[in-house]
Protein chains: 2
Amino acid sequence: MMIKIGILGLGTVASGVVEILEKNGSSINKRIGDELLIEKILIKNKNKKRDLKLKDNLLTTDINELIDNPEIDMIVELIGGEEPAKEYIEKSLIKGKSVVTANKLVMAKHGLNILKLARKNNVQINYEGSVAGGIPIINPLKESLAANKITEISGILNGTTNYILSKMTQKGMNYENALKEAQDLGYAESEPSSDIDGYDAAFKIAILASIAYESPVNINSFYIEGIRNIKLNDIKMAKELNYVIKLLATAKRSDAGLDIRVHPSFIPAEHPLALVNESYNAIYIQGDAVGDVMSYGKGAGKLPTGSAVVSDIIQLARDISSNQRPEDRDTLFYNIPLLNIKEVYNSFYMRLEVRDKPGVMSRVTGILGNNNVSLASVIQKNRLTPVVPLVLITHPIREVNIQKSIIELKNLEDLIKINNIIRVEEELIS
Amino acid sequence: MMIKIGILGLGTVASGVVEILEKNGSSINKRIGDELLIEKILIKNKNKKRDLKLKDNLLTTDINELIDNPEIDMIVELIGGEEPAKEYIEKSLIKGKSVVTANKLVMAKHGLNILKLARKNNVQINYEGSVAGGIPIINPLKESLAANKITEISGILNGTTNYILSKMTQKGMNYENALKEAQDLGYAESEPSSDIDGYDAAFKIAILASIAYESPVNINSFYIEGIRNIKLNDIKMAKELNYVIKLLATAKRSDAGLDIRVHPSFIPAEHPLALVNESYNAIYIQGDAVGDVMSYGKGAGKLPTGSAVVSDIIQLARDISSNQRPEDRDTLFYNIPLLNIKEVYNSFYMRLEVRDKPGVMSRVTGILGNNNVSLASVIQKNRLTPVVPLVLITHPIREVNIQKSIIELKNLEDLIKINNIIRVEEELIS
């Protein structure tokens, strides 16, 4: 027999997939127990020059040549973006073809329906490549950690922002220069908003949380904040206080519900996640049996993401080859409510500028105290009359209390400016 | 339907398995799509007091009540040690029962035959718990990294020795005191040889290498050295040279063959593995597509190892429940030769004591030079006439050249003592 696949798209990751299947094809075929063959690749433009050597008639611009081809057992969607990727995935499933995708946007926004569609049509969809590139995470969550009640997932899931924050931290670059460098190196898009503003990380944590907690996660229902407002002064203060600033995506489970969010966080300098630099990704998982485990690696790129996609292909191909029924591994049993960030407890770092006047500290801390915000540290640095830069770190407090404090501080005549407010992750296991 | 399992043994890990199945039973049953039931547990002594509340008639001292019981679908072997564990595993497979085991000794020494036996009887054997406790590693190697040609596995695979080395490094404890502390805390056995002398790590790296390289690995055919000879002076010198000493288990692939070994290594202080302390384990994997990935977590213990065992049980139970044929995932296709350590290149740390005489440095380095050993660093510390402590770090050189140098140094009248020789891992990806 022969397992024939159709690939949608021939961009970076798809080229990586073709390259891996070419290079490691014979050992991959051994693992499958059958020969894997790329039957067709859907492209947009037939005249585009490509580096890959491909056999004749492999490329087509007509999706129906793949979806309607009964010889093709499996569709590998690597177009990215919402449409037409979503439509093609759905059509493939309806036609009874199993699907491999690395599309985090489609899986985060439409995962629930797509999983239902796959089940209904008795086929399977694999999407290991949609989160953290080559780092094995989706399958380990579904399989190797299946004995656990997962209580926390915390991850550095976006390489672009991690690269920028690393350069700010290690080399003292400012945000604009670090972003420029990331763009020059190809780590950031010329329109970097999806990375910088936290959406990319949000799609990924939504996917991981839905698997870990077996509950659909609506990406419009949790707090997402990017790194645009991180100033070098914040990075320096973090260092001085023995923290590192990372864009952290977290999903914690409590009896009240799921606390999911993406935002910059102060994390203790000695925590394993603090040591994840450059464009690396890392995912920290806490389960009630396993304790804490962390995985670390390249979260993006042609070959790392290609590695995840090809592993998904191998798994499906093996099932197809041995006529196994598709495993019903996607199990959104529950419907756990998401907590509103206002109700969640955090410590906060606040960097303010106040006027250099008698009693100002008492008035600032008075407002905080009236809102039940108590302080873990207060640092007053580089006093430059008439401006006093003031850095506060609070004890854990509900976000709503901080929000009320901010409104009152803004009404305070002593306040010149609130430079930044960043959440402090004290409770990460370490 | 109901999936009935029999457990062999009721020690630490088995108690963890019972506890997890009790605590997370309802969600585990959801994942399986069927009810999982412990039908029998084999124990040695019926009169032993146990903390677990167990229903009547669950315990037996007769292995045949499990193996000959046609109602039992799966045997979970958690006795440990070579015999009777091996015999029971084999009998179970022959009786057509799939097996889950956490037995690293049996899988490392007899894996090839056991895998053949499973295949022959059309059943499966899962052994995720045999390496690195709860850290998902065997399944990710088989599944999530299946697209890769693996080129290196480097791991801290033994928690006891890592605890001892961590305490020596962080608290300046000597070996004997650190071992004593590990024993008091239950991290080390009263007869700690299997951990301390590297055998435990050797079993684990043999299992990982056989999976990654799809080739059987004979544990009698590679170099194994433990940590008994590590002195506080070596720890201090490592720190001064910006290294950390770890008991590293490595398996590298080259065109010439597999370079597998377990021994203490100097690793660069900034390498992720250098930061793995206490009883934690970590495994670094390099694949040609994925690049480098690392996993980190608790490598032993009741619940972490129980987590791995129960995940294996879930996977098998799901297959049994849906009448899937066992997946033929164990694939020792090749027979790659193991390299003799004598032929392998390494850098070496050498700590010597020589007589304080004119020309001694020239004579020592002369011997090394004659054997093609060139030096990366030379440190002479705390000169205490008439003894000069001398620390050398070499450039990479074949082990056989170091061995010849040692013989010649020992014949040198200037040499008082070779305190220690430790390999230096320069090439770890970082």
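Here is a walk through the structure, from its domains to the place where its two chains meet.

Keep in mind that this is a predicted model. Let's start with chain A on its own. The domain assignment splits chain A into domain 1 (2–134 + 302–321), domain 2 (145–298) and domain 3 (343–424). Notice that domain 1 is written as two stretches, 2–134 and 302–321. Measuring over C-alpha atoms, the centres of domain 1 and domain 2 of chain A sit 28 Å apart. Where they touch, 13 residues of domain 1 of chain A are in contact with 13 residues of domain 2 of chain A. On the domain 1 side, helix 5 (residues 104–120) of chain A gives the largest share, 7 residues. Sorted by class, that side of domain 1 has 7 nonpolar, 4 polar and 2 charged residues.

Now step into domain 2 of chain A, which covers 145–298, and find strand 9 (residues 243–254) of chain A. Is strand 9 of chain A enclosed or open? Of its 12 residues, 11 are buried, so the rest of the structure largely encloses it. Strand 7 (residues 150–156) of chain A pairs with strand 9 of chain A in the antiparallel sense, over 4 bridges. To spot this pairing, look for A:Gly155, which stands opposite A:Ala249 in strand 9. Strand 9 of chain A also runs antiparallel to strand 10 (residues 257–268) of chain A, and 12 bridges join the two. There, A:Ala251 has A:Ile260 in strand 10 as its bridge partner. A hairpin links strand 9 to strand 10 of chain A through 2 residues.

Over in chain B, look for an open sheet of 6 strands. Its order is 3-2-1-4-5-6, and the pairing is parallel. Strand 3 (59–60) and strand 6 (125–126) of chain B are the edge strands, each pairing on one side only. At one end of that order, strand 5 (residues 98–101) of chain B pairs in parallel with strand 6 of chain B over 2 bridges, and B:Val99 has B:Ile125 in strand 6 as its bridge partner.

Helix 1 (residues 12–23) of chain B is another good stop. Its 12 residues reach 16 Å from the first C-alpha to the last, close to the 16 Å expected at 1.5 Å a residue. The buried residues in this helix are B:Val13, B:Ala14, B:Gly16, B:Val17, B:Val18, B:Ile20 and B:Leu21. What do these buried residues of helix 1 of chain B pack against? Their partners in chain B include strand 1 (2–8), strand 2 (35–42) and strand 4 (74–77), along with helix 2 (25–32) and helix 12 (302–321).

Finally, bring the two chains together. Here 45 residues of chain A are in contact with 45 residues of chain B. Helix 2 (25–32), helix 6 (138–144), strand 12 (291–298) and helix 12 (302–321) of chain A each supply at least two residues of the side that touches chain B. By class, that side has 20 nonpolar, 17 polar and 8 charged residues. Strand 12 of chain A pairs with strand 12 (residues 291–298) of chain B in the antiparallel sense over 4 bridges, with A:Gly297 standing opposite B:Val293.

How do the two copies relate? A turn of 180 degrees with a shift of 0.0 Å along the axis lays chain A on chain B with an RMSD of 0.1 Å. That is the relation of a two-fold axis. A:Ser295 comes closest of the residues of chain A to the rotation axis, at 2.2 Å (C-alpha). And 100% of the interface residues of chain A are interface residues in chain B too, so the copies meet through the same surface.

Key: Residues numbered from 1 in each chain as written. Chains lettered and ligands numbered in written order. Predicted model: local features only at pLDDT ≥ 70, side-chain atom pairs only at ≥ 80, totals over all residues. Contact = placed C-beta atoms within 7 Å. Nonpolar A, V, L, I, M, F, W, Y, C, P; charged D, E, K, R; others polar. Pairing = 2+ DSSP bridges. Least-squares fit on C-alpha atoms with pLDDT ≥ 70 in both. Expected span 1.5 Å × (residues − 1). Buried ≥ 20, exposed ≤ 12 C-beta atoms within 10 Å, placed from the backbone. Domains from an automatic or database assignment.
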